Amino acid sequence: MKKLLASTVIAAGFYALAGSAAYADCGEVSIAEMNWASAGVAAHVDKFILENGYGCTATLVTGDTMPTFASMNEKGQPDMAPELWVNAVRTPLDAAVKEGRLIEAAKILNEGGVEGWWIPKFLADAHPDIKTVEDALKHPELFPAPEDASKAAITNCPAGWNCQVSTANLYRALGAEKAGFELIDTGSAAGLDGSIANAFENKKGWLGYYWAPTAILGKYEMTRLSFGVEHNKADWDACTAVPDCPDPKVNAYPVSDVYTVVTKGFADKAGVAMDYVKARNWDNGTVNKVLAWMDSNQGTNEDGAKYFLQNFPDMWTKWVSPEVAEKVKAAL
């Protein structure tokens with residue numbers, strides 16, 4: 001009996017040491033904190049979980065899509081880009097994955113990044129016949145222009161954004177001017193957001209371009225309308241996304257693939273921490289809520305990460321083992 005007990009103790013000690021070694025293997029990890037809110041929160045969530053759950057030493061570095069990808073591909077640093085919108089780097093990323101330099105881990109935005117034309121949900125509920133953009137164009141009276149309520153409006157992106165070009169081309173392709181709609185430029189991101197806030201405060205109709213995940217869609221419930229067609233990439237690249245395309249066709253916005261990308265070096269050394277990086281993902285609705293909370297509370301990316309960890313344990317505890325979950329909860 002004593003021999004059996006001793007063997008059990010020795011075995012337990014062995015597995016404890018083995019477990020500790022697995023966590024210690026994670027070592028130092030550099031994480032790109034991109035310069036938009038959803039990616040910034042994701043970076044801080046990763047830092048908190050990797051440090052407190054897996055014993056990593058995590059450092060955040062400033063990032064942006066193109067320079068971060070280039071640095072990871074060419075120099076192997078940083079180790080992680082938690083939220084990389086890969087459509088912008090699809091061809092070189094595919095090559096880097098094939099050649100073994102980089103690894104696509106979790107599809108962090110499991111619905112992808114979404115763009116389109118939206119209307120307030122209260123309007124969609126009141127007019128269930130409006131399912132598509134063309135349905136909306138049959139009702140100019142529901143979407144009054146801000147300066148002249150006798151006219152209808154479609155709200156565009158600010159100048160200099162890629163979506164301004166696509167929205168203008170789709171406006172022409174749909175014959176929206178003939179349907180009585182003006183194309184309104186709000187002048188800035190704040191102006192675009194303010195136009196939506198104003199529509200909700202005054203319970204007025206609004207039709208225009210927006211995207212997810214964003215704080216505004218966490219604050220205000222919006223319904224994305226169908227364009228009635230599938231996304232045609234060839235037409236999009238040749239015309240829809242080209243300024244002043246002479247003959248635009250109706251097209252649907254692409255869904256952007258958004259992945260966590262890590263270097264091969266990190267994947268090799270991360271041990272069980274890599275299981276977490278492969279597992280964690282969230283939906284746009286959850287991200288919208290976190291961003292809306294940050295906006296209302298003037299929260300930083302770190303604040304947003306802690307708000308998420310404190311308020312959505314049913315989600316994130318599925319990404320880790322019960323042991324890791326308890327460590328993270330204790331650190332909160």
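This tour visits a cavity, two cis peptide bonds and two residues with positive phi in a predicted model.

**The cavity**

Begin by selecting Ala42, Val45, Ile108, Arg280, Asn281, Trp282 and Trp319, which line the largest cavity. Its volume is about 30 Å³, and a search of the whole structure finds one cavity of 30 Å³ or more. By class, five nonpolar residues, one polar residue and one charged residue make up the lining.

**The cis peptide bonds**

Most peptide bonds are trans. Select Gln77 and Pro78 next: the bond that joins them is cis, with omega about -5°. Pro78 belongs to the loop that runs between helix H3 (65-75) and strand S3 (80-85).

Then move to Ala212 and Pro213, where a cis peptide bond has an omega of about 10°. Pro213 is in the loop between strand S8 (208-212) and helix H9 (215-219).

**The positive phi angles**

Most residues other than glycine have a negative phi. Select Lys203, which is not a glycine and yet has a positive phi of about 50°. Lys203 lies in the loop between helix H8 (189-201) and S8. Is this residue, Lys203, buried or exposed? Lys203 counts as exposed because its relative accessibility is 57%, where the cut-off for exposed is over 50%.

Finish at Gln298, a residue other than glycine whose phi is positive, near 50°. Gln298 is placed in the loop between helix H13 (284-297) and helix H14 (301-311). With a relative accessibility of 74%, Gln298 also counts as exposed.

Conventions. Residues numbered from 1 in each chain as written. Predicted model: local features only at pLDDT ≥ 70, side-chain atom pairs only at ≥ 80, totals over all residues. Heavy atoms only, no water. 1 Å grid on protein atoms, 1.4 Å probe; cavity = no way out; pocket = protein on both sides within 12 Å on 5 of 7 lines; lining within 4 Å. Points joined across faces, edges and corners; volume = space filled by probe spheres on them. Nonpolar A, V, L, I, M, F, W, Y, C, P; charged D, E, K, R; others polar. Helix = DSSP H or I, 4+ residues; strand = E, 2+ residues; numbered from the N terminus. Buried < 20%, exposed > 50% of the residue type's maximum accessible area, 1.4 Å probe, protein only.
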